[in-house]
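Biologist: I have a sequence and a fold on my screen and a coffee in hand. Could you walk me through what stands out?

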Amino acid sequence: MARRLAEVAQHVGVSEATVSRVLNNKPGISEATRAAVLSALDVLGYERPTKLRGERARLVGIVLPEMQNPIFPGFAEVMAGALAKKGFTPVLCARTVDGVAESEYITILLEQNVSGVIFASGLYQQTRAAHEHYARLRERGLPTVLINASADGLAFPRVCTDEEHAVEQAYAHLTALGHERIGLVLGPPDHVPSARKLAAYRAARKGATELVAHGALTMEEGHAAAARLVAEGATGLICASDVLAIGAMRAVRRAGKQVPADVSVVGFDDSGLMAFTDPPLTTVRQPIVAMGQAAVALLLSQIDAEQVPDDELLFEPELVVRASTGPAPTT
């Protein structure tokens with residue numbers, strides 16, 4: 001530290017005390033001197049203190065819930081590319097069970113003086129989760145965008161897939177194949193996207209038996225939930241994610257049945273490699289390219305101090321029919 005002070009002071013022609021005041025962002029220093037000291041740091045190869053980097057870093061945090069579900073790396077790739085084209089550097093923050101929590105990532109990103117943050121399927125989707133770190137972003141006035149449905153009261157711009165229409169498409173597809181006992185495999189009860197899917201399912205079934213199972217958004221939970229529904233006689237399963245759907249197909253096989261001869265399975269996301277599962281998965285595709293680009297555009301508008309409504313920008317999903325769905329069994 002002392003060597004840095006001495007070198008910078010000598011380079012600029014000021015005292016070490018003046019350099020120290022600049023580095024600690026103290027008042028009483030002319031803008032010309034402050035700029036000369038910061039320039040000297042760059043010339044001499046020293047890193048500027050975080051609080052003095054300002055927009056120079058042009059960093060944007062991309063906060064993901066995980067990387068195992070291929071949909072999230074897909075979103076990250078689209079957004080990172082869109083940000084790079086505009087001269088911003090993406091900072092990828094992926095939560096893990098035993099790793100850094102979402103709230104801790106927010107602290108780190110704020111310390112790095114990022115220009116904004118984009119969240120994909122974060123804790124804002126869970127009504128019972130802690131949301132205090134989102135309030136910190138609001139208080140700081142930091143540009144923020146959320147991808148997919150959030151709990152009420154979080155006033156940020158959102159880019160969302162139409163969850164209700166996704167279920168409507170999947171349900172209509174299965175009923176057209178003759179299925180009457182259609183089950184729904186969802187995330188936790190407080191998961192907002194799952195709640196929206198459940199509302200659409202209840203509207204679509206028109207008096208048919210309700211077959212619903214909740215669980216964490218993992219392959220293992222999908223397996224367990226689907227096993228319960230198959231035991232209850234479900235011949236078609238609509239799953240809230242492709243990961244849950246893969247678990248559901250395993251459950252069908254474990255029960256001694258076949259997909260789709262005995263049980264048809266529909267996923268949600270159309271994440272990478274779903275065309276190569278066994279059998280290839282019928283799923284409802286999220287338009288991740290359009291959504292990721294829209295999220296970046298909304299963030300950049302906020303960074304440019306434009307007024308952006310705290311509304312949902314709703315995107316239409318697309319049913320992709322593959323070999324995991326077929327006619328309902330006749331016996």
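Modeller: Happy to, and keep in mind that this is a predicted model. Let's begin with a charged pair: Arg205 forms a salt bridge with Glu210. The closest N and O atoms of Arg205 and Glu210 are 3.3 Å apart.

Biologist: Is Arg205 buried, partly exposed or exposed, and what is its relative accessible area?

Modeller: Buried would need a value under 20% and exposed a value over 50%. Arg205 falls in between, so it counts as partly exposed, with a relative accessible area of 22%.

Biologist: And its partner, what is the relative accessibility of Glu210?

Modeller: Glu210 also gets the label partly exposed. The value behind that label for Glu210 is 32%.

Biologist: How many salt bridges are there by this rule?

Modeller: The rule asks for a side-chain nitrogen of Lys or Arg within 4 Å of a carboxyl oxygen of Asp or Glu. Arg205 with Glu210, at 3.3 Å, is one such pair. The count by that rule comes to nine.

Biologist: Which residue forms a salt bridge with Glu163?

Modeller: Look in helix 7, where Glu163 is placed. The closest N and O atoms of the pair are 2.2 Å apart, and the partner of Glu163 is Lys197.

Biologist: How many residues apart in sequence are the parts that this pair ties together?

Modeller: Glu163 sits in helix 7 (residues 163-176), while Lys197 belongs to helix 8 (residues 192-205). The pair therefore ties together parts whose separation in sequence is 34 residues.

Biologist: Are Glu163 and Lys197 buried or exposed?

Modeller: The cut-off for buried is under 20% relative accessible area. Glu163 has 1%, so it falls on that side. For both Glu163 and Lys197, the label is buried.

Biologist: What does Glu163 touch, leaving out residues up to four places away in sequence?

Modeller: Lys197 is on the list, and the side chains of Glu163 and Lys197 also make a polar contact at 2.2 Å. The full set touched by Glu163 is Asn148, Pro193, Arg196, Lys197 and Phe268.

Biologist: Which residues are linked in a network of salt bridges?

Modeller: Start with one pair: Arg285 forms a salt bridge with Glu318, with closest N and O atoms 3.6 Å apart. That pair links distant parts of the chain, strand 10 (residues 282-285) and strand 12 (residues 318-320), 33 residues apart. The linked residues are Asp270, Arg285, Glu318 and Arg322.

Biologist: What are the relative accessibility values of Arg285 and Glu318?

Modeller: Each has the partly exposed label, Arg285 and likewise Glu318. The values are 31% for Arg285 and 45% for Glu318.

Biologist: Where do helix 5 and helix 6 stand, roughly parallel or roughly antiparallel?

Modeller: Two packed helices are described by the angle and the distance between their axes. The axes of helix 5 (residues 102-111) and helix 6 (residues 132-140) come within 9 Å and cross at roughly 25°. Angles under 35 degrees count as roughly parallel. That makes helix 5, relative to helix 6, roughly parallel.

Biologist: How do the residues of that contact of helix 5 with helix 6 divide into nonpolar, polar and charged?

Modeller: Helix 5 brings Glu102, Ser103, Ile106, Thr107 and Leu110. Helix 6 answers with His133, Tyr134, Arg136, Leu137 and Arg140. The split is four nonpolar, three polar and three charged.

Biologist: Which residue does a cis peptide bond join to Val259?

Modeller: Omega for this bond is about 5°. The partner lies in the loop between helix 10 (242-254) and strand 9 (264-269). The residue joined to Val259 is Pro260.

Biologist: And what is omega for the peptide bond from Asp278 to Pro279?

Modeller: Pro279 lies in the loop between strand 9 and strand 10. The bond from Asp278 to Pro279 is cis, with omega near -5°.

Biologist: What is phi of Leu273?

Modeller: Leu273 is found in the loop between strand 9 and strand 10, and at 63% relative accessibility it counts as exposed. Leu273 is a residue other than glycine with a positive phi, near 80°.

Biologist: Last one: where is Lys206?

Modeller: Lys206 has a positive phi of about 50° although it is not a glycine. With a relative accessible area of 73%, Lys206 is exposed. Its place is in the loop between helix 8 and strand 7 (211-214).

Notes: Residues are numbered from 1 along each chain as its sequence is written. This is a predicted model: local features need pLDDT of at least 70, side-chain atom pairs count only at pLDDT 80 or more; totals for chains, interfaces and linings use all residues. Side-chain values use heavy atoms; hydrogens and water are left out. Helices (H or I, at least four residues) and strands (E, at least two) are DSSP runs, numbered from the N terminus. Buried means under 20% relative accessible area, exposed over 50%, partly exposed in between (1.4 Å probe, protein chains only). Axes are lines fitted to C-alpha atoms, for helices over the stretch in contact, and angles run from 0 to 180 degrees between N-to-C directions. Angles under 35 degrees count as roughly parallel, over 145 as roughly antiparallel, 65 to 115 as roughly perpendicular and the rest as oblique. Contact means heavy atoms within 4.5 Å. Ala, Val, Leu, Ile, Met, Phe, Trp, Tyr, Cys and Pro count as nonpolar, Asp, Glu, Lys and Arg as charged, and the others, Gly among them, as polar. A polar contact is a pair of N or O atoms within 3.5 Å; within protein, one must be able to donate a hydrogen and the other to accept it, and residues adjacent in sequence count only if both atoms are side-chain atoms.
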